[in-house]
Amino acid sequence: MTDTPTTPVKYRAIHLQAGRQRRVLHGHPWVYSNEVQMDTAAKAIPPGSPVRLLDPGGKPLGIATFNPHTLIAARMLSGDPATVVDHAFLAGRLRNAVAMRDALFDRPYYRVVHAEADGLPGLIVDRYGDVVTVQANSVFMDQRIDAILAAIDEVLAPRAVILRNDSTQRALEGLPEESRLVKGEIDGPIRLEENGATFFADPLGGQKTGWFYDQRDNRAFIAKLAKGKRAIDFFSYNGGFGVLCAVEGASSVVSVDRSQGALDNATRAAEANGVADRFEARRADAFNELERLNAEGETFEIVIADPPAFVKSKKDLAVGCRAYRKMTRLAAKITAPGGFLLCASCSHNVDPPTFAEQVARGLHDAGRTGRILRSAGAGPDHPVHPHLPESAYLKAIVMQLD
Ligand code: SAH
């Protein structure tokens, strides 16, 4: 695979403002709009265009995607100014991403592309065996969706492909929401494997969310502790934590979620893994159920709480932090002495120290003490760009309580 053009391609040029080249030279993949010489020519460049990024003196820094209307105006694609962003380029990046995952995992169930960290800013691809879901979160990726689908066909040869264009990032880029099947047929939930167990996800049905592969290692960790124990999994979604606890030998597991569709997928997974006799799907509001169990004094030796993002934007930070603290308090109170509690957050606006502080406060509010055994993020199929540590959005804290 080569990036060398057969015919020269001349992309339009974007100049950085004086003194603004350092971050890019040091490897940061973004340029903010106030760092670009945003003259009439730059403003007239159609959003989503590849551009040549030049330093203030006119020296080429590489090829970037450009959108004059967004806060992050340019996202680096390559430090090589001769790069041509064509099918071969996209397929090459995809091939590298797949090779890394295939070195990590025995089975084809993982996040294939995790945006910047895989050199494909704005693109998310998840793999469920021969079914693939694709999210294009930038104008650049959205405009090239046919080329991306062609690259996916070439590299992964999927039976079915679902476009899941329903992210909040798309709204920031002024792109519409849509979810649709672009290749093949899907009849009902799709099957996947994780940690040696079978699960089901429904990226086209009611919930349209697929599967959160990011918790794979955290699920394996807590499930190993669950043998012979009573477990409860709040915000269970399709059963990734709870069903694995049952598979690893928990004596009983309750999965709590307010979505019947999610609980149906969890129940189906319990059946497929032969643990349905030790599994209960309980449809309830998680906070109501936590309060109820507290009132009844019921305890569990394994308690898991991995909720949706409580802080969806910076303005929700204080309210969301209080919700993490309250969740931890209520969950800690139903954790049996010597038991294990996992609290997680996928809010990218809450950094790891802030989350750890809410968990510590919640524990104290509950009048409990304990120790942190594991403080972890997402699995390695969700790599982090070295210059974007803040993109490591997932936090999972596992504690043993006294
Ligand atoms: N723990 C899950 C991921 C959570 S996704 C996993 O391991 O995959 C968030 C889930 O929380 C969704 O299934 C949603 O239906 C559920 N949910 C959101 N708010 C809820 C609430 N107040 N009570 C119960 N479930 C809730």
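Student: What makes the pair of a ligand nitrogen atom and a polar backbone atom of Phe235 a polar contact?

Tutor: The two atoms are 2.8 Å apart in this model. A polar contact is a pair of N or O atoms within 3.5 Å, so this pair qualifies. The model is a predicted one, in which local features need pLDDT of at least 70 and side-chain atom pairs pLDDT 80 or more, while totals for chains, interfaces and linings use all residues. Residues are numbered from 1 along each chain as its sequence is written, and side-chain values use heavy atoms, without hydrogens or water.

Student: Which other residues have an N or O atom 2.8 Å from a ligand nitrogen atom?

Tutor: Ala286 offers a polar backbone atom at 2.8 Å, and Asp306 has a side-chain N or O atom at 2.8 Å. The protein covers 90% of the 580 Å² of accessible area that the ligand has on its own, as computed by the Shrake-Rupley method with a 1.4 Å probe.

Student: What makes a residue count as being around the ligand?

Tutor: One of its heavy atoms must lie within 4 Å of the ligand. There are 15 such residues, and Phe235, Asp257, Asp285, Ala286 and Asp306 come nearest. The shell holds seven nonpolar, three polar and five charged residues.

Student: Why does Tyr109, in the lining of the second largest pocket, count as nonpolar?

Tutor: Ala, Val, Leu, Ile, Met, Phe, Trp, Tyr, Cys and Pro are the nonpolar class, Asp, Glu, Lys and Arg the charged one, and the others, Gly among them, are polar; therefore Tyr109 is nonpolar and Gly196, also in that lining, is polar. By class, this lining has three nonpolar, three polar and five charged residues. The second largest pocket has a volume of about 170 Å³. Strands E11 (190-194) and E12 (197-201) are the elements that give two or more residues to its lining.

Student: What makes a space a cavity rather than a pocket?

Tutor: On a 1 Å grid over the protein atoms alone, a 1.4 Å probe fits in a cavity but cannot get out, whereas a pocket is open, with protein on both sides within 12 Å along at least five of seven lines; lining residues have an atom within 4 Å of a point. Two cavities of 30 Å³ or more turn up in the whole structure. The largest cavity, of about 70 Å³, is lined by 13 residues, with Thr65, Phe66, Asn67, Arg75 and Glu173 nearest its centre. Strand E4 (60-66), strand E5 (72-78) and helix H4 (139-143) each give two or more residues to that lining, and E5 gives the most, with four.

Methods
Polar contact = N/O pair within 3.5 Å; in protein donor to acceptor, adjacent residues only side chain to side chain. Points joined across faces, edges and corners; volume = space filled by probe spheres on them.
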